Amino acid sequence: LIHDITVWERDYAIRSRGLMGSVISYPINKVKRVMNDNMKKTQEFMLASQQLQMERQIRMQLLMRERMVATQLAVVREAIYWWGGFYGLCLVGLTAGFLKTKKPGVLAPLVPLSFVVGYQADMAFGNKMERIVAEADRILKEEQHLLAMPGATPTFKMVDEYTPKAR
């Protein structure tokens, strides 16, 4: 950096100050100024890098969440086929039992089973997921107090205290 000083700059510094040490102090001040500029640029770069990294982490979390929800929905859809088959078998069997015995109590198990199959079908093929998301949004906006965790928000100190010490 000292070599970046032109002869004219050095002579001007000597003449304008008329002080001893001006030949040495001028390059040192320039070095300080360049170092400060470099430090500011490094800090700006680090901040931009951290912001980019955080944005990528958020996108990754959203992608993972979408995959998890899709998997859960696929599980529900697979389960409805089994529940539907079981319900159909029970419907036929219990109806045959009712026709044979003429006792309405034989059809009683169809009532709760109908609710279970209806709920699963609504989740798998209806708009239940949209209603759940809408309700979650409403809770986030209007009932924030219900979301508070017990105790204080964890701090680094709390995490360090909780982490077992290496022996």
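Which residues in helix 3 meet which residues in helix 4? I will start there and work outwards.

This is a predicted model. In helix 3, the residues involved are Y119, D122 and M123. On the other side, helix 4 brings K128, M129, R131 and I132. Sorted by class, the contact between these two helices has 4 nonpolar residues, 3 charged residues and no polar ones.

Now the geometry of that pair. Helix 3 covers residues 110-125 and helix 4 covers residues 128-142. Their axes are 6 Å apart, and the helices pack at an angle of about 80°. Angles from 65 to 115 degrees count as roughly perpendicular, so helix 3 is roughly perpendicular to helix 4.

Next, M123, since it comes up again. Setting aside neighbours within four places in sequence, M123 is in contact with K128, M129 and I132, and also with L73 and V76. M123 also belongs to the largest nonpolar core, together with V76, I80, V117 and A124. That core has 5 residues. Helix 2, residues 22-101, and helix 3 each supply at least two of them. Helix 3 gives the most, with 3 residues.

Stepping back to the whole chain. The protein chain has 5 helices and 0 strands, so read from the N terminus the order is simply α-α-α-α-α. There are 167 residues, and buried ones make up 10% of them. As for contacts between residues at least 6 apart in sequence, 47% join residues at least 24 apart.

One loop residue to point out is K102. K102 is found in the loop between helix 2 and helix 3. Its phi is near 60°, which is a positive value in a residue other than glycine. Is K102 buried or exposed? Its relative accessibility is 59%, and the cut-off for exposed is over 50%, so K102 counts as exposed.

Last, confidence. The mean pLDDT of the protein chain is 85, and 83% of its residues reach 70 or more. Where is confidence lowest, and where is it highest? The low end is helix 1, residues 7-17, at a mean of 63. The high end is helix 3, at 94.

To go back to the opening question: Y119, D122 and M123 of helix 3 are the residues that meet helix 4, and helix 3 is also where confidence is highest. That is all I have for today.

Technical notes. Residues are numbered from 1 along each chain as its sequence is written. This is a predicted model: local features need pLDDT of at least 70, side-chain atom pairs count only at pLDDT 80 or more; totals for chains, interfaces and linings use all residues. Side-chain values use heavy atoms; hydrogens and water are left out. Axes are lines fitted to C-alpha atoms, for helices over the stretch in contact, and angles run from 0 to 180 degrees between N-to-C directions. Helices (H or I, at least four residues) and strands (E, at least two) are DSSP runs, numbered from the N terminus. Angles under 35 degrees count as roughly parallel, over 145 as roughly antiparallel, 65 to 115 as roughly perpendicular and the rest as oblique. Contact means heavy atoms within 4.5 Å. Ala, Val, Leu, Ile, Met, Phe, Trp, Tyr, Cys and Pro count as nonpolar, Asp, Glu, Lys and Arg as charged, and the others, Gly among them, as polar. pLDDT is the predictor's confidence in each residue, from 0 to 100. A nonpolar core is a set of buried Ala, Val, Leu, Ile, Met, Phe, Trp, Tyr and Cys residues joined through side-chain atoms within 4.5 Å. Buried means under 20% relative accessible area, exposed over 50%, partly exposed in between (1.4 Å probe, protein chains only).
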